[in-house]
Amino acid sequence: MAKKEYKYPKNWFKYNLIAVPTDFACGNCSACVFRNAPKYCENMACTYIDMSPNSDYIESVYWVSRGTHANVATWSELRQFFDTTPKQRIRDISNDIVSKTILKKLEKTAKRK
């Protein structure tokens, strides 16, 4: 089955948010930009699970903004994006980013060995 590639709406995610691997299965909610914004947090994917046979690899990410934003509630561009983009679309995009981030990290780790 071919993996579905998503185009990021107006590259919003690509230019505004970064997924940071935690190096373990639990998230790091206290470092996440969405920590005080449950309305937006519930839309995001932050866990990568390897579904291949004989694998039990699980890792999480936390999200940070590329720019300086004291509080996501005051970030008008973020509010507009989340208020106008369907929840499933946001989950799909963020899940795609999480997967690519973790796979890229695993690739780098494998090259070092």
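In this predicted model, D96 counts as buried, since its relative accessibility is 3%, and the side chain of this aspartate meets that of K100 in a salt bridge with a nitrogen-to-oxygen distance of 3.4 Å. The partner, K100, is partly exposed at 36% relative accessibility. Because K100 and D96 are 4 residues apart in helix α4, about one helical turn separates them. As a general matter, side chains of opposite charge can pair when their charged atoms come close.

The structure holds 4 salt bridges, and another of them also involves helix α4. E59 forms a salt bridge with K105, in which the closest N and O atoms are 2.8 Å apart. This pair links distant parts of the chain, with E59 in strand β3, K105 in helix α4, and their positions 46 residues apart in the sequence. The two partners can be described by their accessibility as well: E59 is buried, with a relative accessible area of 1%, whereas K105 counts as partly exposed at 21% relative accessibility, a value that is not under the 20% required for a buried residue. Salt bridges that share partners join E59 and K105 with D23 into one network.

The third member of this network, D23, is placed in the loop between β1 and α2, and at 57% relative accessibility D23 counts as exposed. The backbone of D23 also deserves mention, as its phi is near 70 degrees, a positive value in a residue other than glycine. In general, most residues other than glycine have a negative phi. A positive phi is found again at N54, where the angle is near 65 degrees, and this residue too is other than glycine. N54 is located in the loop between β2 and β3, and with a relative accessibility of 86% it counts as exposed.

The loop between β1 and α2 also contains A31, which is partly exposed, with a relative accessible area of 29%. Although A31 and V64 are 33 residues apart in sequence, their C-alpha atoms lie 7.8 Å apart in space.

A further salt bridge is formed by the side chains of K39 and D83, with a distance of 3.4 Å from N to O. Here too the pair links distant parts of the chain, since K39 belongs to helix α2 (residues 38–41) and D83 to helix α3 (residues 76–84), and the two are 44 residues apart. K39 counts as exposed, because its relative accessibility of 52% lies over the 50% cut-off, while D83, with a relative accessible area of 48%, is partly exposed.

Attention may now turn to the strands. Strand β3, which spans residues 58–65, is mostly covered, in that 6 of its 8 residues are buried. Strand β1 (residues 17–21) is joined to β3 by 5 bridges, and the two strands run antiparallel; within this pairing, L17 stands opposite S65 in β3. Strand β2 (residues 47–49) likewise pairs with β3 in the antiparallel sense, over 3 bridges, and the bridge partner of Y48 in β3 is E59. E59 thus appears both in this strand pairing and in the salt bridge with K105. As a general rule, in a regular strand the side chains alternate between the two faces of the sheet.

Two patches were identified on the surface. The nonpolar patch is formed by I49, M51 and I58, which together have about 330 Å² of accessible area. Of these residues, I49 lies in strand β2 and counts as partly exposed at 44% relative accessibility. The positive surface patch is formed by K104, K108, K111 and R112. K104 is placed in helix α4, which covers residues 87–112, and this lysine counts as exposed because its relative accessibility is 53%, over the limit of 50%. Helix α4 therefore carries K104 of the positive patch as well as both partners of the salt bridge between K100 and D96.

Definitions and conventions: Residues are numbered from 1 along each chain as its sequence is written. This is a predicted model: local features need pLDDT of at least 70, side-chain atom pairs count only at pLDDT 80 or more; totals for chains, interfaces and linings use all residues. Side-chain values use heavy atoms; hydrogens and water are left out. Patches are made of residues with over 30% relative accessible area and no salt bridge: like charges are joined within 9 Å, nonpolar side chains (Val, Leu, Ile, Met, Phe, Trp, Tyr) within 5 Å. Accessible areas come from the Shrake-Rupley method with a 1.4 Å probe; for residues, only the protein chains shown count as cover. Lys and Arg count as positive and Asp and Glu as negative; His and the chain ends are not counted. The place of a charge is taken as NZ of Lys, CZ of Arg, CG of Asp or CD of Glu. Buried means under 20% relative accessible area, exposed over 50%, partly exposed in between (1.4 Å probe, protein chains only). Two strands pair if DSSP finds at least two bridges between them.
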